[in-house]
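This report describes the fold, three residues of interest, the ring contacts and the pocket of a single protein chain. The sequence and the structure are shown first.

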Amino acid sequence: MTAFSLDPGRTAWCEELYALAREELRPLAEKGEPGKVNRPLVAALGGLGLLDRLLGSGALDLCLLRESLARGCTEAETALALQGLGAGPVRLAGTDAPAPPAGRCRTRSDRECSPLVTESRRTSHER
């Protein structure tokens, strides 16, 4: 069986993330209201470059990022994960064009009129 260990650079990065989560993000998380989006926490994740890192990382760095944040602040890791789930498709297929106003159908045949994001390609229900 092959042994696996992180290189010193990644180990140091994990410790930096853990400290950042514990010292900077946890206080923001503690001020949040249960069941509500903690906008200051999400803004801090973005301001620290962690959202960009989330969407541009390989599998190993993504796992290390999430694990390190979770050790220091589970709320920060959850917020990061949810932002990744929502922002990933937009980043991959979205455009800079504004989305249609809420409540407007994309096509006349749409039964459900709830546009969520502006997409560069038609969605499956429009094909």
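A residue is called buried when its relative accessible area is under 20%, exposed when that area is over 50%, and partly exposed in between, with a 1.4 Å probe and protein chains only. The model is predicted, so that local features need pLDDT of at least 70 and side-chain atom pairs count only at pLDDT 80 or more, whereas totals for chains, interfaces and linings use all residues. Residues are numbered from 1 along each chain as its sequence is written, and side-chain values use heavy atoms, with hydrogens and water left out.

**Overall fold**

The protein chain has five helices and zero strands, in the sequence pattern α-α-α-α-α. Helices (H or I, at least four residues) and strands (E, at least two) are DSSP runs numbered from the N terminus. Of the 127 residues in the protein chain, 28% are buried. A contact is defined by heavy atoms within 4.5 Å. Among contacts in the protein chain between residues at least 6 apart in sequence, 59% join residues at least 24 apart.

**Three buried residues**

Leu51 belongs to helix 3 (residues 50-56). Why does Leu51 count as buried? Its relative accessibility is 18%, and the limit for the term is under 20%. Not counting residues up to four places away in sequence, Leu51 touches Val42, Leu45, Gly46, Leu80 and Gln83.

Leu65 lies in helix 4 (residues 59-72) and is buried, with a relative accessible area of 0%. Its contacts, leaving aside neighbours within four places in sequence, are Trp13, Leu17, Leu50, Arg53, Leu54 and Leu80.

Ser68 is also found in helix 4, and its relative accessible area of 3% makes Ser68 buried. With residues up to four places away in sequence not counted, Ser68 touches Cys14, Leu17, Tyr18 and Ala21.

For each of these residues, the table gives one partner with the separation along the chain and the C-alpha to C-alpha distance.

| Residue | Partner | Sequence separation | C-alpha to C-alpha distance |
|---|---|---|---|
| Leu51 | Gln83 | 32 residues | 7.5 Å |
| Leu65 | Arg10 | 55 residues | 10.0 Å |
| Ser68 | Glu16 | 52 residues | 8.5 Å |

**Rings and charges**

A charge sits over a ring if NZ of Lys or CZ of Arg is within 6 Å of the ring centre and within 35 degrees of the ring normal. Arg53 lies over the face of Trp13, at 4.2 Å from the ring centre; Trp13 and Arg53 are both among the contacts of Leu65. Arg71 lies over the face of Tyr18, at 4.0 Å from the ring centre, and Tyr18 is one of the residues that Ser68 touches.

**The largest pocket**

On a 1 Å grid over the protein atoms alone, a pocket is an open set of points where a 1.4 Å probe fits, with protein on both sides within 12 Å along at least five of seven lines; lining residues have an atom within 4 Å of a point. Grid points are joined across faces, edges and corners, and the volume is the space filled by probe spheres set on the points. The largest pocket holds about 270 Å³ of space. Helix 2 (39-47) and helix 5 (74-93) are the elements that give two or more residues to its lining, and helix 5 gives the most, with five residues. The lining comprises 15 residues, of which Lys36, Val37, Asn38, Glu75 and Ala79 lie nearest the centre of the pocket.
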